[in-house]
Structures are given as structure tokens and as C-alpha cells.
Amino acid sequence: MIAVENLTKTYGPQRAVDDVSFTCEPGTVTGFLGPNGAGKSTTLRMICGLTPPTAGRATVAGVPYRRLGNPGRHIGVLLDASAQHAGRTGREVLALAAITMGLDTARVPERLARVGLDGTAAKRRVRAYSLGMRQRLGLAYAMIGDPAVLVLDEPANGLDPEGIHWMRGLLRGFADRGGTVLLSSHLLREVEVVADRLVVIGNGRILTQGDKEALLGAAGTMVRTTDPAALDALLQRMGLTGTRSADGSVLVPTDPETIGQAAATAGVVLLELRPAGSGGLEEMFLRLTASTGPEGAHR
Amino acid sequence: MSVTTDVTPATVPAAAAAPVPMARLTLVELRKLADTRAGMWLLIVIGLATLATSAILLGWADDSEITFAALYTFGLVPSAVLLPVLGILSVTSEWSQRTALSTFTLVPARSRVLLAKVAAGALIAVAATAATAVLAAGANLIAPAVGGDGSWSLDPSLIWQSLLLQVLFVLMGNAFGALLLNTPLAIVIFFALPMVWSILGGSIRALADASQWLDLNVTSQAMTEPDMTSGEWARLAVSAGVWVVLPLVLGAVRVLRREVS
């Protein structure tokens, strides 16, 4: 498991990561969401001991990453698929990792095959790899030590839809077997399907975090009515602020029953009433990450 | 925001807790010297150039000069010049190719990685010296056939001195690589700076005394002659301190502190 406690990183006057805390439990996939430059990569680098935090701490299995003598056997890391020597072959990259970890290099071809890199690809130099192939190699690299924890920074970058689907299955299976996955992305849709928990970060601070289902539920209710003015008046009386979408539906920050009951009492005709679900989460994500001001912090 | 601390503390499996042994790390660093095109070609060029030194002596030197000592000494020139580049690449490529990210993720103890690179550099220098000795011996067997002297006498002190010289230069490459963390810059500075210093020391009278102690090109000259005197050793030690140890220490501090991204 991974525990991040009050992690902070400042570069001069800029707070790249500001008091970030969360945990990743075994058996779960945690989606680490935020726009580019939100501080995701800096946080992941601090977890992996590559960047010293200004304040706070991060532990893997209870100890700081840098105290692990041979971390590859417990935690697999893919922070940047392009950060491999362009002049090495894919097979050699994995062989070096295997030797470092004290493993037999005989497992290399099978591990490459498992991520969809065949014998021909294995013999090619990384220079000739597409970004998608590099991501696959990076995943094989992260997983070659049979770790219990995976930390992946934007692993879907450069993968085609089939590749993204494959990766989701891989990570889901890994977590279902008791593994811990921390997965960053700037695209909600990418992690929504596979994640159990979400941590949303913006401008270095945690905006919201929790179980995906809870966040999806908390995202509100989609309401469509024949009489928008009456609905607006009703919402005003209830002290709620709706967000109107282009198709005329309104996202209301409450559960379906509350708004349905109120609409019935007020005689407002509803055409549609449903939990906002992922659409609402995306709405929330955009809203939370768009406002980068101090009011952006929630919970 | 509260952090859940009531979960059972996960324990680190033994395989992940124990540090990677130095021997294994050194083996990995040795392998990394030769598993890229740049590294492989550098080694091939050094091998071919060393072959060429024997060919040159056998073909064009005065017959009396074709001895094992001469073949061996001349044969060491290519590796003395080019192996340090491998030493530089060993460190700088981690940053220019951004492999430091995965290297230090697998081995967070950066000092151990650096130590393994130094050990690998020393080992490759020893191996190159041994290979040169074998090659020189082979060439010396042919020597009588082309009318050469072919004598086998070699002052034993020369073996150790030449070995040390090779190791020193490769470590100097490691040191400059760690200090500058940039391949082209490190290679240029590695070759240009000592040269500039030698020119200055040779031409400016006020620097003449200092260069006797601080110019590695001058002090290492004694290593190619048998039986160095204690004065020569002292000068070598001082200049090696300035050109090898000091940059290695400063470079290590830089590598240990630098943020990897």
C-alpha cells in the first residue's frame, strides 16, 4: 500500500504540491486525476524517492521508498515511458531490470509477449518504438519484479483504444488479485472505468477524493423539465444552484428523491430525473479543476 | 483530510528490503557500457585502434624498437584516450537519455549506483590493459618474422603503473561526467581543460612550478617510465587529487542531490 501524508513541494515561491494526503489500499485502483501541471507527476516522483519533498512524507509498505533496498520486487514504477535509452533494445532494457532485481533473464521474452511485444519488437532498439510500444515496454518493466504495488504516470498516453482497453483489463486483474494500483491521468474517462477510488488534484492541492461510487453519487442529479423558469425558482427556494447543460438539462447538487419530491410538490413537470453519474463526475472534474483559485479546495 | 492509519501496516517483503549487492550492480553497469550502439562502437574502435598500434610498429618501426615493451606501451594509447569517454557516457547518458529515472527507481541508493559505475570503469580499464598485453604478446611473436627485435623484457613496475594510469583516466571520465551531467560538454571539457592547463603551465613561467604538481599530463608521464620515484608518486597523487578525486566528489554530491525528472 501507499500512504501519502501532507506531502508538499515548493519551487521558489511556487507550491507545486501543497499538503497532499491520500492512501492507496491493496486490492484497489486509485485514479489520480488533475489537469496538466496540477502536481501529479511531482507527487508521484516524491512517492518514488526521486524528488525530495519540502514537507510531509510518503511511504510504501510502511517505509519511505528510498529505504527499500531492491524496490522493484515490491513496487513497479512507470513514470515516463520515453525515459529509456534509445540505443538499447527492448529485451536489453528488461534484462537490465531483471539482473538488477536478482531475477533470471529467462523471464524476459515471456514478459515482453505478455504486454504485446513480439520477438521482432524485442530485438528492435527503443529508438524505433512508437509511444504506445514504449508504454507497453514500460509496463513490462514495472511488472517484471512481480510487484504488489504499481505506480503509473499517464500510462494510456500513446496507446490506441484497443491498447487502452487491454491496459484497463491488466490493471483491473492486478488489483483484483490483491495488488495496489496508483494511476495518474489528466483524462477522467481514462480512469473512470478502472478506478475504485479517485483523488482529484488541481494547482497542487487535493480538490476531492473518495470512492468512485460515492463521488459519482455525490455528483448530483440530472433534471430536465418543460418549464426551466419554474425549476430555477424551485431551486432558488431550495437554496441549490443548478448547472445548465447545452441540451437544456440541469445538474442539481442533490439526490434524485429530494428534487423529485420538491418538483412534485411545486407542480413542476419533469421530463428526466436520474443520477448524474459519470457525466456529473466530468462536470465536477471540470468545475473543480477550472477554478484554480483558493476557493478550489473542497472537503 | 485524515489519513487512514488504522490499517494493518504492510510489511516489506524480504526480497525488496535487502539492498542490491554491489557485485550485481557493477555487473549491470559493465553491461550498460556495451549494450548500446555508442558504447559497443567505442569498444570496437578501441580494439581496432589497439590492433593498429601493433601493425604500425611491426610495419614501420625500426627493427630494434619492435619489442614487447614498446608494443605494450604504444598499444595502451588508444584505450587511454578513448576509454575515459566510455566513463563519461556511463554517467552522462543516465541524464541525457533520462534513464536516471528508471535506474534510481530500481536502486534508490544513488551512491551505490555511482560506486558501481566507478567499479565498472576500473574493471573495464583493467580488462583493456590485459587485452592490450595479450595483443602485444601476439604481435611480439610475429616480430622476429619481420626482422624485429622481439625481446620480452618488461620492467614489472611498468605493468602496475600502466594499469593505474588506465584506471585513473577512466575514473577521471566518470568524475567529469558526474560533475557536468552533459555528454558533449563533459567530453569537450575532459579533453580541452587539461590541454589548456598544460599549454598555460608550459608557457607561463610563473605557473611552471605549479604545473609540475598539478598537471596530470606532466605527472602521469612518469608512469610510462619504469620505477617511479617517491617524488613522482607524490606529484601524481596531488594532480590526481585535483583532476580525479575532487571532481568525483563534487560530481557525486551533484548526482546525489539532483532531482530526477
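The following exchange concerns a predicted model and the grounds for several statements about its chains.

Me: What makes strand 5 and strand 9 of chain A edge strands of the sheet?
Reply: The open sheet of chain A holds six strands in the order 5-6-7-3-8-9, with mixed pairing. Strand 5 (75–78) and strand 9 (205–211) each have a single partner strand, so one side of each lacks a neighbour in the sheet. From one strand to the next, the twist averages 10 degrees.

Me: Why are strand 5 and strand 6 of chain A said to pair?
Reply: Pairing requires at least two bridges. Strand 5 and strand 6 (residues 149–153) of chain A share four bridges in the parallel sense, so the criterion is met. A:Leu78 stands opposite A:Leu152 of strand 6.

Me: Which strands of chain A does helix 6 touch?
Reply: Helix 6 (residues 161–176) of chain A packs on the sheet and touches strand 3, strand 6 and strand 7. The direction of helix 6 makes about 150 degrees with that of strand 7.

Me: Why should residues 292–299 of chain A not be read in detail?
Reply: Chain A averages a pLDDT of 89, and 93% of its residues score at least 70. Over residues 292–299 of chain A, however, the pLDDT is below 50. Where pLDDT is low, predicted coordinates should not be read in detail. The 14 contacts that this stretch has in the model, beyond near neighbours in sequence, therefore call for that caution.

Me: How many residues of each chain enter the contact between chain A and chain B?
Reply: Chain B gives 38 residues and chain A gives 41. The chain B side divides into 22 nonpolar, nine polar and seven charged residues.

Notes
Residues are numbered from 1 along each chain as its sequence is written. Chains are lettered from A and ligands numbered from 1 in the order in which they are written. This is a predicted model: local features need pLDDT of at least 70, side-chain atom pairs count only at pLDDT 80 or more; totals for chains, interfaces and linings use all residues. pLDDT is the predictor's confidence in each residue, from 0 to 100. Two residues are in contact if their C-beta atoms, placed from the backbone, lie within 7 Å. Ala, Val, Leu, Ile, Met, Phe, Trp, Tyr, Cys and Pro count as nonpolar, Asp, Glu, Lys and Arg as charged, and the others, Gly among them, as polar. Helices (H or I, at least four residues) and strands (E, at least two) are DSSP runs, numbered from the N terminus. Axes are lines fitted to C-alpha atoms, for helices over the stretch in contact, and angles run from 0 to 180 degrees between N-to-C directions.
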